Amino acid sequence: MDFSSSMAIKPSSSSCSSLFAISRTQNSSPKPLLFNFRGIPRNHQNSFFKSLKCIQSPPPGSLPSNPTSFSCSAVTLSPTQTSYLPPRKLSTLVAEFQSLLEPLDRVKRLLHYASLLPPLPASSRTDSNRVMGCTARVWLDAQMDSEGNIRFWADSDSEITKGFCACLVSVLDGAGPEEVLQLKTEDLAALNVGLPGGERSRVNTWHNVLISMQKRTRALVAQKERKTPFEPFPSLVITAQGIQPKGTYAEAQARYLSPDKLKVKELVHVLKEKQIGVVAHFYMDPEVQGILTAAQKEWPHIHISDSLVMADSAVKMVKSGCKFITVLGVDFMSENVRAILDQAGFGEIKLAQSQLAWVPRLQSVVDCYVPIARYGTWIPHRNVGVYRMSNERIGCSLADAAATPDYMNYLESASNSLPSLHVVYINTSLETKAYSHELVPTITCTSSNVVPTILQAFAQVPDLNIWYGPDSYMGANIKELFQQMTLMTDEEIAEIHPKHNRDSIKSLLPRLHYYE
């Protein structure tokens with residue numbers, strides 16, 4: 001920047017306390033709007049250093065049409081303070097948002113920042129610059145300048161997300177690589193602007209954009225050092241000295257291993273007081289799993305597992321004295337827990353015959369009959385209640401797929417090919433399982449036992465047709481697995497199932513169907 005021109009610094013608007021507009025009173029030849037202090041004598045830099053930081057400098061080759069006016073923030077710093085520039089700027093930004101008491105005013109301020117962010121040229125709005133994981137589409141570009149600092153440009157098709165990007169760019173644009181990599185998602189928590197119902201989405205936006213900035217920074221540093229840039233495979237290395245996360249994803253997950261002790265203490269107090277057991281699925285957010293794992297040290301009736309083991313764990317908790325079970329998962333998981341508890345004698349089923357579906361499994365496979373009650377129509381025994389996460393429906397796309405007319409047509413075909421067995425994945429509702437059994441004998445499986453279940457059924461029922469669903473991906477894998485088994489020796493196949501060999505595997509393939 002040419003400092004020979006006289007400049008007037010004035011607030012850009014009454015709604016933006018920490019942003020300033022700099023308008024030149026003398027218009028010299030247009031120059032790129034990247035500040036350059038190399039022309040200032042060193043002794044002047046040592047005595048007084050004024051850093052004028054643009055909220056967003058336009059990408060190279062895409063300068064605004066009016067280069068004589070643009071918005072910047074002004075911060076006076078000494079040379080020794082420049083390394084702390086991002087934290088200071090973040091602190092200023094946080095104070096600004098916190099000074100606005102009404103959520104609507106904070107949203108307006110965010111939209112104001114979005115208006116200051118110039119659009120990226122089409123050449124930068126590419127898939128390689130996309131920030132994945134955000135609700136809206138976000139693009140991020142980055143370069144390293146001649147002094148080794150990182151310059152960022154960002155854009156989004158959502159004005160709210162664009163405002164988030166403007167805030168992050170204002171904090172990190174022009175910072176050194178170490179400063180970019182030191183910033184954490186938690187540092188941005190105070191910038192949440194109170195949009196109704198959007199807290200998780202906002203956290204994801206802050207996290208994903210920041211992680212992308214840090215990935216680009218690492219790549220630029222590696223390029224400068226003539227190293228091959230790569231992202232370590234996400235993993236947590238556990239040693240006697242502790243846990244070492246590898247890769248940015250693992251680093252983010254590792255932070256949840258040390259949750260807020262007050263939150264954990266509060267949770268344990270409620271669980272102990274009300275005698276509540278908690279079963280949670282592996283798919284729950286890492287933050288939730290981190291808190292539950294910490295709470296488990298003081299309250300053993302907490303278990304994280306797959307859907308089938310969740311129900312078995314619930315039975316053990318009730319036998320140990322728990323009066324209630326809370327299920328952290330989708331609806332079919334809650335149904336499974338309720339049904340297994342009822343079967344174990346912890347829920348008296350006083351239902352009309354129309355409300356009760358008796359599902360006889362193939363006696364040659366499982367020599368028993370299993371009662372299945374429609375979820376929600378049970379009368380508790382010993383006050384063992386099962387609680388879901390929400391009063392609203394908590395759906396699962398896989399379970400929903402099995403409740404469609406297409407899937408019922410698939411089962412109609414099965415009913416016309418006798419003898420037939422429907423092997424249904426556990427990730428389906430009890431209603432679907434009961435209705436399916438009206439069409440064709442149905443048995444439930446999980447990913448861990450589906451192969452031995454299918455092989456056992458084929459071994460015991462001659463000329464059986466098996467119809468697997470609704471997980472098409474797993475069905476295709478099972479089919480491919482059996483095709484690969486035809487290349488194995490009889491001895492190798494016998495180790496998987498003693499009543500099968502190459503000929504039997506070849507003969508069952510045409511009679512194995514899966515929902516496509």
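Two strands count as paired when DSSP finds at least two bridges between them. Keep that in mind for the first stop on this tour of a predicted model.

**Stop 1: a hairpin**

Select residues 235–239, which are strand β7, and residues 242–246, which are strand β8. These strands run antiparallel and are joined by five bridges. Click on Leu-236 in β7: which residue of β8 is its bridge partner? That partner is Pro-245. Now look at the turn from one strand to the other, where two residues sit between β7 and β8 to complete the hairpin. In general, strands of a sheet pair through backbone hydrogen bonds, and they can do so in a parallel or an antiparallel way.

**Stop 2: the whole chain**

Zoom out and colour by confidence. The mean pLDDT of the protein chain is 76, with 72% of the residues at 70 or more. Select residues 1–83, where pLDDT stays under 50; the model has 145 contacts for this stretch beyond four places in sequence. Then select residues 348–381, another stretch with pLDDT below 50. This one has 63 contacts in the model beyond near neighbours in sequence.

Switch to a cartoon view and you can look for 18 helices and 20 strands. The chain has 516 residues, and 45% of them count as buried. With the surface on, about 27100 Å² is exposed, and carbon and sulfur atoms supply 53% of that. Among contacts between residues at least 6 apart in sequence, 64% join residues at least 24 apart.

**Stop 3: two rings in two helices**

Select Phe-97 in helix α2 (residues 85–98) and Tyr-113 in helix α3 (residues 103–116). The structure has six aromatic pairs. Phe-97 and Tyr-113 make one of them, an edge-to-face pair with 6.1 Å from centre to centre and 65° between the planes. The two residues are 16 apart in the chain. Are these rings buried or exposed? Both Phe-97 and Tyr-113 are buried.

**Stop 4: an unusual phi**

Move on to Gln-275, in the loop between α8 (261–274) and β9 (276–281). Most residues other than glycine have a negative phi. Gln-275 is not a glycine, yet its phi is positive, at about 55°. Its relative accessibility is 26%, so Gln-275 counts as partly exposed.

**Stop 5: a parallel sheet**

Next, find the open sheet of four strands in the order β18-β17-β19-β20, with parallel pairing. Its edge strands are β18 (442–445) and β20 (512–514), each of which pairs on one side only. From one strand to the next, the twist averages 25°.

Focus on β19 (residues 465–469), which pairs with β20 over three bridges in the parallel sense. Ile-466 has Leu-512 of β20 as its bridge partner. Now add helix α15 (residues 450–460), which packs on the sheet and touches β17 (420–425), β18, β19 and β20. The direction of α15 makes about 160° with that of β19. Helix α16 (residues 472–485) packs on the sheet too, touching β17, β19 and β20. Its direction makes about 155° with that of β20.

**Stop 6: the loops around the sheet**

Three loops here deserve a click. Start with Asp-463, in the loop between α15 and β19. Asp-463 is not a glycine, but its phi is positive, near 60°. With 58% relative accessibility, Asp-463 counts as exposed.

Most peptide bonds are trans. Where does Pro-470 lie? Pro-470 is in the loop between β19 and α16, and the peptide bond from Gly-469 to Pro-470 is cis, with omega near 0°. Then go to Pro-419, in the loop between α13 (405–415) and β17. A cis peptide bond, with omega about -5°, joins Leu-418 to Pro-419.

**Stop 7: a ring cluster**

Finish by selecting Tyr-407, Tyr-410, Trp-467 and Tyr-515, which ring pairs link into a cluster. Rings whose planes are over 60 degrees apart count as edge-to-face. Why is the pair of Tyr-410 and Trp-467 edge-to-face? Their planes stand at 70°, so the pair earns that label, with ring centres 5.6 Å apart. Tyr-410 is in helix α13 and Trp-467 in strand β19, so this pair ties together parts 57 residues apart in sequence. Tyr-410 is buried, with a relative accessible area of 11%, and Trp-467 is buried as well, at 9%.

Note on methods: Residues are numbered from 1 along each chain as its sequence is written. This is a predicted model: local features need pLDDT of at least 70, side-chain atom pairs count only at pLDDT 80 or more; totals for chains, interfaces and linings use all residues. Side-chain values use heavy atoms; hydrogens and water are left out. Axes are lines fitted to C-alpha atoms, for helices over the stretch in contact, and angles run from 0 to 180 degrees between N-to-C directions. Contact means heavy atoms within 4.5 Å. Buried means under 20% relative accessible area, exposed over 50%, partly exposed in between (1.4 Å probe, protein chains only). pLDDT is the predictor's confidence in each residue, from 0 to 100. Accessible areas come from the Shrake-Rupley method with a 1.4 Å probe; for residues, only the protein chains shown count as cover. Rings of Phe, Tyr and Trp (its six-membered ring) pair if their centres lie within 6.5 Å; planes under 30 degrees apart count as stacked, over 60 as edge-to-face and the rest as tilted.
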